[in-house]
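Q: Please take a close look at the sheets of this protein. I would like to know how the strands are ordered and paired, and what sits in the turns.

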Amino acid sequence: MIRKGPEGFGLKGLAAQNGNMEYEKMLSRLYMSLPEKTVSKERFEIPPLESNVQGKKTIIRNFSQVLRTIKREEKHFYKYFTKETATAATMDEGKLILTGKFYPDAIGRIFNAYVKEYVLCHECSKPDTEIIERSGVKVLKCTACGALSPIKKI
Ligand SMILES: [Zn+2]
């Protein structure tokens with residue numbers, strides 16, 4: 001049971017006891033103790049692949065890092081990329097080294113197509129997906145909406 005006393009209750013009651021200055025101080029302390037961010041919805045961003053041409057080769061510098069972010073196996077994208085471009089590539093210490101010159105635009109286009117097919121849910125476009133096998137066929141399973149989408153074989 002909360003009984004309302006002569007000074008009221010809560011901060012106002014205390015303020016009446018201690019005067020307005022104290023009340024102001026208490027208020028500012030109260031605001032300061034609030035968490036800085038109230039549940040910020042994390043937005044997933046697909047990081048771009050960073051690459052540069054070196055002689056007759058192209059090096060994707062952040063290959064492993066990006067694949068980790070989008071939660072796909074390096075080998076999976078490697079297979080896709082080499083097939084799409086009909087080029088040879090090697091993985092080396094987190095980098096992907098392509099034989100031939102590929103400019104960022106071209107790499108970006110291939111990467112976007114990959115993300116669209118193998119990372120983003122075909123129904124709701126969210127990236128909370130995983131590749132699973134259903135009766136021997138690989139499908140994209142969305143943990144956000146539950147959709148199962150068939151994906152192209154690489
Ligand atoms: Zn979905």
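A: What follows covers the confidence of the model, then one sheet, then the other.

This is a predicted model, in which local features need pLDDT of at least 70 and side-chain atom pairs count only at pLDDT 80 or more, while totals for chains, interfaces and linings use all residues. Residues are numbered from 1 along each chain as its sequence is written.

The mean pLDDT (the predictor's confidence in each residue, from 0 to 100) is 84 for the protein, and 76% of its residues reach 70 or more. Residues 37–41 have a pLDDT below 50, and beyond near neighbours in sequence this stretch has zero contacts in the model (a contact means C-beta atoms, placed from the backbone, within 7 Å). Where pLDDT is low, the predicted coordinates should not be read in detail.

The three-stranded sheet is open, with antiparallel pairing and the order E5-E6-E7. Strands here are DSSP runs (E, at least two residues), as are helices (H or I, at least four), both numbered from the N terminus; two strands pair if DSSP finds at least two bridges between them. Strand E5 (129–134) and strand E7 (148–150) are the edge strands, each pairing on one side only. From one strand to the next the twist averages 35° (axes are lines fitted to C-alpha atoms, for helices over the stretch in contact, and angles run from 0 to 180 degrees between N-to-C directions).

E5 and E6 are joined by six antiparallel bridges, and glutamate 130 has lysine 141 in E6 as its bridge partner. Two residues lie between these strands in their hairpin, where serine 135 takes a positive phi near 40°. On the other pairing, strand E6 (residues 137–142) meets E7 over three antiparallel bridges. Lysine 141 appears again here, standing opposite leucine 148 in E7. The hairpin of E6 and E7 has five residues between the strands, and glycine 146 in its turn has a positive phi of about 85°.

The other sheet is open and has four strands in the order E1-E2-E4-E3, again with antiparallel pairing. Strand E1 (51–54) and strand E3 (89–92) each have a single partner strand, so one side of each is left without a neighbour in the sheet. The twist averages 20° from one strand to the next. E1 pairs with strand E2 (residues 57–60) over four antiparallel bridges; serine 51 has isoleucine 60 in E2 as its bridge partner. Helix H4 (residues 74–85) packs on this sheet, touching E3 and strand E4 (95–99), and the direction of H4 makes about 155° with that of E3.

Note on methods
Two residues are in contact if their C-beta atoms, placed from the backbone, lie within 7 Å.
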